[in-house]
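The exercises below deal with strand pairing, helix packing and salt bridges. Work through each task before reading its solution.

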Amino acid sequence: MDTKQLLKKVRKIEIKTRRLSDHIFGGEYHSTFKGRGMTFSEVRQYQFGDDVRNIDWNVTARYNEPYVKVFEEERELTMMLMVDVSGSELFGTADQFKNEVVTEIAATLAFSATQNNDKIGLILFSDKIELYIPPKKGRSHVLRIIRELIEFEPESKKTNFAEALKFLQNVMKKKAIVFVLSDFIADDYHQTMKIVSGKHDVTGIRIYDKREEEIPNLGMVQMQDEETDELMLVNTSSKTVRRNYAKFYQEKVNYYKESFNKAGAGTIDCRVDESYVKKLLGYFKRRG
């Protein structure tokens with residue numbers, strides 16, 4: 001893709017996703033993610049109804065009457081977008097590939113965060129960290145993130161979600177809002193997920209194609225594993241083959257949901273031919 005095509009594509013995504021974040025997600029995002037915590041502002045005299053746990057005993061002793069600490073919400077947040085760029089994200093049988101939907105969702109979330117003057121960072125991962133963009137504010141920073149999501153070519157096609165979570169834990173010292181965008185055809189991240197979710201506000205967004213859920217009966221078909229490049233002949237007319245594949249796929253989905261739920265993290269399932277707008281909005285409203 002040349003520079004002119006790339007800029008045109010970035011602009012197209014900006015127009016679409018910015019409109020969504022301006023009109024739909026801005027307020028929902030703000031009410032869902034209210035702030036990292038409370039910061040000390042001042043002390044004032046105790047008033048009826050104040051929480052006694054906020055009494056400042058040193059000031060109270062000095063003035064011989066009760067004083068309480070006043071806190072303000074610390075509004076500035078950091079959003080981290082963790083995006084799976086392994087080979088399986090290049091799959092699609094509907095109007096869009098999974099990675100194209102991922103780019104739009106990530107851009108919508110980033111512009112929603114920008115509206116609230118929050119920082120946005122990006123981690124692109126396969127079975128290693130492919131790219132890390134530290135959190136920053138502003139439109140030009142978001143456009144850089146979109147550009148990377150469109151044109152970045154990973155070195156590896158495999159997936160190691162646990163490694164990506166460990167990296168996040170190392171680079172993000174303060175609590176962040178974390179959105180993980182992937183098809184989650186992976187495992188062995190249950191324990192790491194628990195640790196990361198204990199510190200950060202994590203949401204998994206599973207993007208998938210309906211054709212991934214089950215293999216249609218098409219007779220003998222040559223298939224290629226997008227993550228290993230392995231070619232194989234598959235007899236799709238065999239009920240056993242189709243049943244085993246459906247079982248394998250469902251096990252991965254169940255592992256993802258169980259791992260996130262047990263860790264206290266949120267989950268959103270978004271099929272490429274469905275409206276991600278409705279899915280995100282429904283999630284924000286439930287949490288808000």
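**Exercise 1.** Which residue in S7 is the bridge partner of Val180?

*Solution.* The model is predicted, so local features need pLDDT of at least 70 and side-chain atom pairs count only at pLDDT 80 or more, while totals for chains, interfaces and linings use all residues. Residues are numbered from 1 along each chain as its sequence is written, and side-chain values use heavy atoms, leaving out hydrogens and water.

Step 1. Take strand S6, residues 177-182; strands (E, at least two residues) and helices (H or I, at least four) are DSSP runs numbered from the N terminus.
Step 2. S6 and S7 run parallel and are joined by six bridges; two strands pair if DSSP finds at least two bridges between them.
Step 3. Val180 has Gly204 as its bridge partner in S7.

**Exercise 2.** Give the strand order of the open sheet of six strands, and find what packs on it.

*Solution.*
Step 1. The order is S5-S4-S3-S6-S7-S10, and the pairing is mixed.
Step 2. S5 (129-136) and S10 (266-271) are the edge strands; each has a single partner strand, so one side of each lacks a neighbour in the sheet.
Step 3. From one strand to the next, the twist averages 15 degrees; axes are lines fitted to C-alpha atoms, for helices over the stretch in contact, and angles run from 0 to 180 degrees between N-to-C directions.
Step 4. Helix H5 packs on the sheet and touches S3 (78-84), S4 (119-125), S5 and S6, where contact means heavy atoms within 4.5 Å. The direction of H5 makes about 30 degrees with that of S5.
Step 5. Helix H8 (residues 239-262) also packs on the sheet, touching S7 and S10, and its direction makes about 165 degrees with that of S7.

**Exercise 3.** How many salt bridges does the structure hold? Examine two of them.

*Solution.*
Step 1. There are 19, each defined by a side-chain nitrogen of Lys or Arg within 4 Å of a carboxyl oxygen of Asp or Glu.
Step 2. Lys166 and Glu163 form one, with the closest N and O atoms 3.6 Å apart. Both residues lie in helix H5 (residues 161-171), three residues apart, about one turn of the helix.
Step 3. Arg287 and Asp201 form another, at 2.8 Å from N to O. This pair links distant parts of the chain, 86 residues apart: Arg287 belongs to helix H9 (residues 276-287) and Asp201 to strand S7 (residues 201-208).
Step 4. Asp201 is buried at 17% relative accessible area, whereas Arg287 is partly exposed at 31%; buried means under 20%, exposed over 50%, partly exposed in between (1.4 Å probe, protein chains only).
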